[in-house]
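Have the sequence and the 3D view ready. We will go from a bound ligand to the metal ions, and then to pairs of charged side chains.

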Amino acid sequence: MRGLLRTIGSKAAQTAGSPAGTPRPAARISDQERLAMLQAFEEAEIGWFWATDADNRVVYLSQSAADKLAPGREILGAPLVTLIEPVGGEEEDRERPLSFVLGAHGRMTDLTVRVAGRNGEMYWSVTGHPQFDASQEFQGYRGSAKDITAVFEHQRDASRLSQYDSLTGLANRHRMTKRLAAILTAYRAAKRSCALLTLDLDRFKEVNDTLGHPAGDELLIQVAQRLTRIVPANAELGRMGGDEFQVVIPDLDDRGALGDLAQRLIQMVSQPYALGQDRAVIGTSIGVAIAPYDGIEPDELVKSADLALYAAKSNGRGQYRFYSNDLKDTADERRGIEEDLRDALTRGEFEMHYQPVVRASDNMVVAFEALMRWNHPQRGPISPTVFIPIAEETGLINVIGEWALLRACEDAAQWPGDLRVAVNVSATQFSFDGLPRLINAAVIAAGLEPHRLELEITESVFMGDAFAVDRMFARLKKIGVKLSLDDFGTGYSSLSYLRKAPFDKIKIDQGFVRGCTDKDNPASAIITAIVSLANALRMETTAEGVEALDELAMVAQLGASSVQGFVFSGAVPQEQVLAKLGSGDFHYEAVGPARYRADRRSLLRTAGAIHEDHRYEVLLRNLSRTGALIEGMLEVPEGTELVLDLGEGQLAVARVRRSDGSVQGLEFETPLISDGADGLCTRHRISPYLLAAAGMPLRALPAGAQSLPAQPNAPASRPRFMQVVSGSGNARAA
Ligand code: C2E
Ligand code: CA
Ligand code: CA
């Protein structure tokens with residue numbers, strides 16, 4: 001033992017004393033003094049020494065260190081690996097097993113190890129050097145150790161904090177970003193796929209604003225719990241900040257399965273939440289992108305998922321959406337619209353059009369709904385369903401809405417008789433405290449009696465502060481304007497709103513009108529219920545979006561008091577309104593198809609049809625889940641098997657079921673699935689790696705060009721079918 005200590009001692013003096021290369025100061029103290037110093041060093045617990053024999057069994061450990069170990073175990077003679085256990089910071093870079101290092105007689109430098117201590121776990125930093133005799137025979141280790149428990153625990157907590165969200169306990173953005181990068185890098189070589197779902201809660205802000213931040217926090221915790229329950233076991237779930245969550249799912253590229261999962265996530269999140277005494281209902285939108293199809297690098301994939309989320313959100317909330325290349329164009333276009341919207345008002349590009357609201361009993365017009373039109377100098381007319389949501393998001397709705405109100409009141413003041421004008425007021429405007437003042441100013445400026453102005457409000461206003469909402473209703477009623485509940489039946493449709501708020505009218509959404517003549521559609525029963533409820537509450541009802549004569553007959557029979565729709569007229573400019581009314585004609589004639597016919601989705605886009613080793617350009621006339629109608633190949637026999645290339649790596653195996661000249665009806669082997677919006681897509685796609693193998697370099701693959709290239713080295717054979725110019729005059733109607 002003495003000898004051992006002496007050697008360690010001289011070594012310690014050597015390493016501690018002088019940096020390499022500088023002359024060592026002469027030792028002025030005796031061996032005995034040095035031994036005493038080392039003992040003092042050990043006892044002061046600045047550091048400890050240890051040693052093993054050639055079998056790596058412990059032969060020495062400083063007494064003060066041994067005293068700290070969990071009692072009741074023999075230390076001397078115990079294999080070192082049973083006393084200490086290395087700990088890695090991350091799963092990814094966990095140290096090589098200790099036994100491996102010891103067996104290889106390697107060095108240990110500041111290795112962090114876990115040690116069972118008298119008072120629980122301790123962490124030591126251990127350094128050890130292998131010792132060899134003159135014939136290079138391994139003799140064991142000599143080393144030092146020190147207790148770093150406090151530092152280690154502090155760092156571990158800090159690292160936990162820096163990797164996990166302290167509110168929900170989910171991984172945070174930092175960790176998710178790292179994990180996604182690690183997974184994608186690992187999978188890239190193995191050509192494995194990985195799905196990324198980005199979730200953003202709908203209406204979370206309203207809850208936070210109305211019920212307060214503690215309630216908002218509680219809501220986020222509950223959302224995290226629900227998500228945790230549904231995501232697959234191998235998925236990584238994280239909160240990216242605010243009300244945004246992310247799910248990374250390795251080895252999943254089946255869009256059918258992903259669509260189902262997204263739908264389940266949406267349903268779960270949309271169930272009501274109990275927050276103390278309060279109840280809240282929120283929703284979520286989800287964007288889905290899949291590596292390697294929609295991005296190979298992490299930032300590409302994240303961008304794709306974000307774009308898909310964005311599309312899901314603007315398509316109406318509570319939806320999921322798969323990424324596709326055209327979303328990028330849509331996003332660019334939206335940005336352009338957003339910029340132009342700022343100047344549209346000053347450039348005078350807005351116009352108000354008016355759609356008649358006709359009394360069901362005698363087809364006389366009773367009111368007009370004011371609908372905004374934007375004539376963009378370059379883009380042409382832009383639908384309010386596109387620019388109103390953008391105006392709401394950017395806050396521009398307040399000035400645009402004010403303009404609409406003033407213009408509608410001025411125009412209505414020109415109309416003869418007592419005709420009313422209905423103006424749409426979005427929830428953002430409704431929560432603006434100055435709205436009543438503005439409305440007052442508008443009716444006074446136009447000289448319009450307030451009861452001739454009707455405000456159309458959607459149920460979304462009820463998501464705001466309940467007290468402020470009640471107060472706003474009261475202030476508006478005091479002015480004397482009429483209030484309508486717009487799009488009834490599309491939102492949360494709580495009947496309690498109807499009892500609480502002083503509405504004069506309910507507008508039945510066109511979604512119910514659309515199906516009301518079908519026998520097995522509950523729409524007519526719902527209309528009946530809404531009408532009887534409105535009658536009981538002394539409210540009027542307007543059926544919206546009536547297009548066909550059978551729909552008109554049905555809604556009239558079900559008791560709607562007025563009707564609005566193309567069957568009478570679309571929205572027209574003020575001149576046309578004045579021309580018609582000026583001639584004293586207040587009657588509208590119903591004109592339309594006998595029955596509503598859903599527009600067959602005529603796509604008229606091109607696709608590829610692959611037969612044997614030939615690719616034909618065809619026109620896609622019609623696409624459904626189970627089949628397609630294509631045009632462009634001549635005389636293809638029934639029963640022929642083809643592969644339809646729908647772009648972006650989407651290949652659908654199909655069989656020709658009907659063939660007539662250049663038009664073929666195809667049936668898919670596997671049905672297509674919904675893309676989350678009204679589009680269809682294939683469950684699986686051809687991986688860009690395969691496309692690369694077929695001659696398209698991965699990097700050079702332009703977005704949107706992911707269709708199967710012609711096989712470059714394929715032996716040339718004669719095409720079996722004649723290609724006809726698609727979309728030409730000989731196109732036969734479906
Ligand atoms: P909304 O308030 O539900 O307006 C009815 C929409 O249905 C209008 O679309 C109208 O043109 C359309 N419509 C009317 N009859 C028929 C029919 O028979 N069949 C079909 N398929 N559609 C019919 P529009 O003009 O595109 O407006 C869309 C939405 O934009 C409006 O929905 C409203 O929410 C919003 N909006 C329009 N103008 C304004 C405005 O001045 N202020 C605000 N805040 N929102 C507006
Ligand atoms: Ca409306
Ligand atoms: Ca409506």
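To sort residues by character, we count Ala, Val, Leu, Ile, Met, Phe, Trp, Tyr, Cys and Pro as nonpolar. Asp, Glu, Lys and Arg count as charged, and the others, Gly among them, as polar. Keep in mind that this is a predicted model.

Now apply those classes to the shell around ligand 1. Its residues divide into 8 nonpolar, 8 polar and 7 charged. In total, 23 residues surround ligand 1. The closest are Q355, R373, D486, E547 and F566.

Which atoms of ligand 1 have N or O partners in the protein? One is a nitrogen atom, with a backbone N or O atom of M372 lying 3.0 Å away. The side chain of Q510 also takes part: one of its N or O atoms is 3.2 Å from a nitrogen atom of ligand 1. An oxygen atom of ligand 1 has a partner too, a backbone N or O atom of V546 at 3.5 Å. On its own, ligand 1 has 800 Å² of accessible area, and the protein covers 82% of that.

Next, look at the elements behind this shell. Those that give two or more residues are β14 (350-359), β15 (365-376), α13 (384-394), β19 (482-488) and α19 (510-515). Strand β15 gives the most, with 4 residues.

Turn to the metal. What are the protein donors of the calcium ion (ligand 3)? D486 and D487 each give an OD atom, and E544 is listed with two OE donors. These donors lie 2.2 to 2.7 Å from the ion. Along the chain they follow the spacing D-D-x56-E.

D486 deserves a second look. It is among the closest residues to ligand 1, and it also bridges two calcium ions, ligand 3 and ligand 2. Those two ions lie 3.8 Å apart. Are D486 and its neighbour D487 buried or exposed? D486 has a relative accessible area of 6%, so it is buried. D487 has 26%, so it counts as partly exposed. The cut-off for buried is under 20%.

Now for the salt bridges. A search of the whole structure finds 37 of them. Take D200 and K313, whose side chains meet with N and O 3.1 Å apart. D200 lies in strand β7 (residues 194-202) and K313 in helix α11 (residues 298-314), so this pair ties together parts that are 113 residues apart in sequence. D200 is buried, at 15% relative accessible area.

Another pair is E349 and R347, with their closest N and O atoms 3.2 Å apart. E349 is buried, with a relative accessible area of 8%. R347, in contrast, is partly exposed at 48%.

A further pair leads back to strand β15. K507 and E369 form a salt bridge, at 2.8 Å from N to O. K507 lies in strand β20 (residues 505-508) and E369 in β15, so the pair ties together parts that are 138 residues apart in sequence. Both K507 and E369 are buried.

This pair belongs to a network. Which residues does it join? Salt bridges that share partners link E369, E456, K507 and E544. E544 is a residue we have met before, as a donor of the calcium ion (ligand 3). Likewise, β15 holds E369 and also gives residues to the shell around ligand 1. Trace these links in the 3D view.

Technical notes:
Residues numbered from 1 in each chain as written. Chains lettered and ligands numbered in written order. Predicted model: local features only at pLDDT ≥ 70, side-chain atom pairs only at ≥ 80, totals over all residues. Heavy atoms only, no water. Donors = N, O, S within 2.8 Å, 3.2 Å for Na, K, Ca; no water. Buried < 20%, exposed > 50% of the residue type's maximum accessible area, 1.4 Å probe, protein only. Near = heavy atom within 4 Å. Polar contact = N/O pair within 3.5 Å; in protein donor to acceptor, adjacent residues only side chain to side chain. Areas by Shrake-Rupley, 256 points an atom, 1.4 Å probe, with all protein chains shown as cover. Salt bridge = Lys/Arg side-chain N within 4 Å of Asp/Glu carboxyl O.
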